Amino acid sequence: MYIYSLMLSLITFIPVIGALLIILLSKQLSRTIALVASLASFVVALLVLNSFNNAQAGFQFVEVAPWIPQFGISYKLGVDGISLWLMMLTVFIFPIAIWASSGAIQHDQKIYYALVLLMETATLGVFLSLDMFLFYVFWEFALVPMYFIIGLWGGQRRIYASLKFFIYTMAGSVLMLIAILVMGVQGQTFDYEALVKQGLHSANMSLFLAFAIAFAIKVPMFPFHSWLPDAHVEAPTPGSVILAAVLLKMGSYGLIRFNLALFPQASQQFAPVMIMLAVVGILYGAIVAFAQSDMKKLIAYSSVSHMGYIILGIFSMNELGVQGAILQMINHGLSTGGLFLVVGYIYERMHTREMGKMGGLWAKMPVYGTVALLFVLSSVGLPALNGFVGEFVILQGAFQRNPLWTGLATIGMVLGAVYLLTMYQKVFLGKGKDEAVDDHGHHRQVASASHGLLDLNWRELASAIPLIVFCFYIGLASTPFFNAMSASVGKLLK
Amino acid sequence: MSKEFLLTLTWLAPFPPIIAFMLIALFTNKRRSLTTLIAVGGMLLTTVFSFIVFFNVAGDHKLGEAPLRSQFAWLPTGDTTFNVGVAVDPLSALFLFMVPLAATLIFIYSTSYMENDPRYTRFMAYLSLFAGSMMGLVVSDNLLSLFIFWELMGFCSYSLIGFFYFKPSAYKAAVKAFMTTRVGDMFLIMGMVYLYSQTGTLNFYDTMRNEEVLHHLAATPAIIPGMTAAALIGLFIFGGTVGKSAQFPLHVWLPDAMEGPTPVSAMIHAATMVSAGIFMALRFFPLYESAAHVGDTTAFTIIGWIGAITALLGALIAVGQYDIKRVLAYSTISQLGFMVAAIGIGGYVAAAFHLLTHAFFKALLFLGSGSVIHGVEHGHHHLHAHGHDDHASSHDSHNAGHGHDDHAANDHGHTEFDPQDMRNMGGLWSRMPVTFITFTIGGLALMGAPFITAGFWSKDEILGHAYHGMTHGNPLSTVVFWTLCVAAVLTAFYTARQIFMTFAGEPRSEAAAHATENPAAMTFPLVVLAFFALTVGYMNIPEDFEFAYIKFGAIANGFGIDHWLGHFVGGMLPVAEATLPFNSVPVVFSVCIFLLGGFLGLWFYGLKPLKAGETDPVENLGAIFTALNNRLYFDELYRKLIINRLQRFADYYSNNVDKGFIDVFLHAAYAILSDIAEVFRWFDKNIVTGISNLIGDVFRRVGREGRELQTGQVQNYLLSALIAAVVMMVFFLVFQ
């Protein structure tokens, strides 16, 4: 069927159509249109997932059309076992983020929803592009909507944060652009598969670095991480969810897709450095997270730490490590996305994210407490939840590469429990700041600052439940995920 | 019964409590009696399954060689798949007997003990998950699924220790427990990863029962020079035991864990948590042994020392405690040290045996102490009849904050009274007779009262093993033997002190005077446990055991149970543990230890029981007592050395490195960039007017959209980026 050959384009551009409709139609419809568009994209992606052939290592559903043939640039999309899961993650997270926007976005809804949909298109394009030039266009384009989302709907220091985010990422990608141009010119084509096959630059250190720095900033790897806490703190809740769950994965995806595949020899050379930075990031992020009093900042630094595991897995450069890293990208998207949602719920009620002002929320909001606990435990890496499987497989892979650094990385698992459980304790356990709880658990209201906090409503629960379901799903039965990626990962590492 | 049927039951065994947890959490969390039915019913079902399995395999001496196994593929890793499954071998069979039995009794006890708590249903739900996880751990045939249940138990203990979540002392204890055990888990994960990288499997039978694999591991040098891989992997895995079984130096969480309701303490100290650590160390025993075979005794030495130190340390600190549960907590630490020391000197069966007997008498002692507290608390409320109907819910939460930093809101207004403080007790023997008798039986078992209690037989087996090693020139055994002897004397002493202080003489407080015996749901489990605390030792009397002309071994032989455990569990080892020739010297030691410790207790506390207002004789030790009472300052030390330092570290990095160095650098780079852009703009404006106007127009239009955001910087940036791109592209092309 003809439509089958356009599946990936449909997935990618349905959101753009949604964005156009939003701009044309009335403001009241924006949210509905955004939801419908992102869900439509999700449904088409499910069809792709359904007919995806696990055994095939190469790209599937490939679409090619000449774009600028003089320079060997074409419009080419395709999906393999690696990008499949990132595509699924993207189309899964965006509807949730849009669903969760109603509370956080109080003005200019029209522009907002249009921007979110544009961002979905851009990120999907990044994951599905098979042409280097096309990839770069999407990559840069993904920056713009996020910049506006932080800048227009963000918090107090939104100008600083959005600018830092934009410029930092942009500065990184300039180098990548140059590298792409160099490769395109020398290889006479910008086609990704062709360039991999040529293998001209396998050992080219400077090209490796040009890509690696761009991606390292995006991930972000230590020491390029300082934009992330600022961006997260200022971004509105759905912005943070998208940023953590999807945008950061562009960086780690790029490292696998381009660095490992295009420059295998240079990757081998740089692997020790990258592993070292990854482990330093794991520990550094965890330690700094421990010092935060703002929940969002804490989770942002925990992201730095958790993304370190992903880098560690990638630069183990064996099947276990890379497969674990890919799974962990999904896991991080689910659990960190969930944590940001959780923070959003309480911010909308108490208008603060300072943990010092909270406490004893469990007594008032037990459902909220349960949801938050699940995401915390998933993030801590409790077995039977998703985080453990990813971390475990990554550590297996990394140990074969470098036992010593792997040993240091495991310390991060302890520290992870330290800061996340401490956060949970400060927010949910103990006594509320505005009330006295006697030793029997009976409450007596003293003042009414946060008095009358309501537990999660069905809308909020509806945004968390899909994430929780998949946290358990991956934790208990990760086989389908690994099955789909193993052939492609094997081919990529060959 | 057929193997398949037994395996099916084994598969099913962990599920009833886990399903009970889900049912209670999702559906019956508002209905108490239904919750009781589901929780206790689930546990009983598990018990039935487990007992059928146990009694069907108990007579099979070949089970060690041919365990029942079944598995399926769970996690594909690389090009292989990871199988998980269940197995029934002698070690797990033994736990299939002990765990459900102890857990069921604790469940029954809890239904009465927690009856009036507002969150009773939540409690039963967590308790069910706790028991289910332990069952899952026991039947696991591989380290990975064992670890999964291991961590689930960690989560359950976190939730249950912090059950009174509104009390700082309780939630701090919960976080402390989770984090401290996590430190151990970190090593365990390393061990797991290391083992897998060497063998490609984590299945116990493909590794620990496979001669080839063991030889390979013992022959491979470890990543740490001078050690074999077998020893290092073993030690990493043992790190998990140190955390979970509260061994020195990670023992600090266990005493605080008594902040949870008392049935939880019984769960943690007997049926689940701490037993799991020893269980796992026993699983990996062949690894230590194979390393020792090739001359690398590092693992055994470290394990032996840690066990011995822990045994002594725990016993010492227990002497200086007044809190009835805290004494028991340190006693658990000490007894676990006995088991670990036994493993360190190669006493596999001895360790398993002591683990079994200890589970029964320690569960008994904890439930007994709960009964005492409940009774005293009841007397206290009787005295201060305020007309509040929720007193029973508060017996734990009420006082556990005592001695901590929290004396906040309490509508009773009498936080000073601590019903767990043994100084407030006395004279309870006549007021709580069932509790008194059963607690004393448990205490005697802990002291090792010769021949009549289970604790004697298992402790004697450990000492016998150590003595045998000592007389055969093993220096480690010598250390272990003498340390354990001292620890055992202290054990007998502090236990006697506890019994006398609690039950003997006249009441030292009004509350104790008004204490009453508890309902049958609480005393019945005590009686059952007391029975096992007396008898469970008879299943492992050596055939040739003879003392004071009584041929115990021959009598046991008459019942057909002589050395049953040794034969049964000993079958777990690839090379069967040689049965030690009977030697009466350690038996004499065991008897003398009991007599000496018991006599000291009797002398100071029994003959003239403490009267109200009198000073405890151990306080005469002065500075030593203060140190013991303050738990040898471990918590202070850790707080100073680690926690405060981590906090300072974190603050430093957060403020100076992240906000200081890295961002300052970034801002500087940005400023320079802006300056350069300024130069280019001048250049652009004045020289390349036409082009720049064109480009500028485009950017200005874009910029107008984002006016709210900023003014000018992005244009500057884009421009300089473009120029930089051109420059660098030239650079690349020229120099490539």
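These are my notebook entries on a predicted model, with chain A taken up before chain B.

**Entry 1, overall build of chain A**

I began with the secondary structure of chain A and found 20 helices and four strands. I then looked up the radius of gyration, which is 22 Å for chain A, close to the 23 Å that the globule rule gives for 494 residues, so the chain is as compact as a globular protein of that length. For the extent along the principal axes, I noted that the C-alpha trace of chain A spans about 75 × 60 × 40 Å.

Next I turned to burial and surface. In chain A, 70% of the 494 residues count as buried, and the accessible surface comes to about 14,400 Å², with 67% of that area belonging to carbon and sulfur atoms. When I took the contacts in chain A between residues at least 6 apart in sequence, 79% of them turned out to join residues at least 24 apart. I also looked up the charges of chain A, where the mean positions of the 25 positive and 21 negative ones lie 3 Å apart.

**Entry 2, the hairpin of strands 1 and 2 in chain A**

I looked at how strand 1 (residues 60-68) and strand 2 of chain A are joined, and recorded six bridges between the two, which run antiparallel. One pairing I wrote down is that of A:Gln60, whose bridge partner in strand 2 is A:Val79. Four residues lie between the strands of this hairpin, and A:Gly72 takes a positive phi there, near 75 degrees.

I then asked myself how many residues of strand 2 (residues 73-79) of chain A are buried. The count is seven of the seven, so the strand is largely enclosed by the rest of the structure. Going through strand 2 face by face, I listed A:Ile73, A:Tyr75, A:Leu77 and A:Val79 on one side, with A:Ser74, A:Lys76 and A:Gly78 on the other, and both faces are covered. I note for the record that A:Lys76 is among these buried residues.

**Entry 3, two buried helix residues in chain A**

I picked out A:Ile310, which is found in helix 13 (residues 295-314) of chain A, and its relative accessible area is 0%, so this residue counts as buried. Setting aside residues up to four places away in sequence, I found that A:Ile310 touches A:Ser252, A:Ala325, A:Gln328, A:Met329, A:His332 and A:Ile394. As a distance to keep beside this list, I noted that the C-alpha atoms of A:Ile310 and A:Met358, 48 residues apart along the chain, are separated by 32 Å.

My second residue was A:Asn331, which sits in helix 14 (residues 319-350) of chain A. Its relative accessibility is 1%, under the 20% cut-off, so A:Asn331 counts as buried. Without its neighbours within four places in sequence, the contacts of A:Asn331 are A:Thr336, A:Asn386, A:Gly387, A:Gly390 and A:Ile474.

**Entry 4, backbone details in the loops of chain A**

I checked the peptide bond that joins A:Phe222 and A:Pro223 and found it cis, with omega about 0 degrees. A:Pro223 has its place in the loop between helix 9 (205-218) and helix 10 (227-234) of chain A.

In another loop, between helix 4 (101-104) and helix 5 (109-128) of chain A, I came to A:Asp108. Phi of A:Asp108 is near 50 degrees, which is a positive value in a residue other than glycine. I asked whether A:Asp108 is buried, exposed or partly exposed, and at 39% relative accessibility this residue counts as partly exposed.

**Entry 5, helix 14 and a loop of chain B**

Moving to chain B, I listed the buried residues of helix 14 (residues 285-293) as B:Phe285, B:Pro286, B:Leu287, B:Tyr288, B:Ser290 and B:Ala291. I then looked up what these buried residues pack against, and the helices of chain B concerned are helix 9 (211-219), helix 10 (229-244), helix 13 (273-283), helix 15 (298-319), helix 16 (324-344) and helix 17 (348-383). Helix 14 of chain B is followed by B:Gly295, which has a positive phi near 95 degrees.

My last stop was the loop between helix 10 and helix 11 of chain B, where I found B:Ala246. Phi of B:Ala246 is positive, near 55 degrees, in a residue other than glycine, and B:Ala246 is buried, with a relative accessible area of 0%. B:Pro249 lies in the loop between helix 10 and helix 11 (253-256) of chain B as well, and the peptide bond from B:Phe248 to B:Pro249 is cis, with omega near 5 degrees.

Conventions: Residues are numbered from 1 along each chain as its sequence is written. Chains are lettered from A and ligands numbered from 1 in the order in which they are written. This is a predicted model: local features need pLDDT of at least 70, side-chain atom pairs count only at pLDDT 80 or more; totals for chains, interfaces and linings use all residues. Side-chain values use heavy atoms; hydrogens and water are left out. The radius of gyration is taken over C-alpha atoms; the globule rule is 2.2 Å times the number of residues to the power 0.38. Buried means under 20% relative accessible area, exposed over 50%, partly exposed in between (1.4 Å probe, protein chains only). Contact means heavy atoms within 4.5 Å. Accessible areas come from the Shrake-Rupley method with a 1.4 Å probe; for residues, only the protein chains shown count as cover. Lys and Arg count as positive and Asp and Glu as negative; His and the chain ends are not counted. The place of a charge is taken as NZ of Lys, CZ of Arg, CG of Asp or CD of Glu. Two strands pair if DSSP finds at least two bridges between them.
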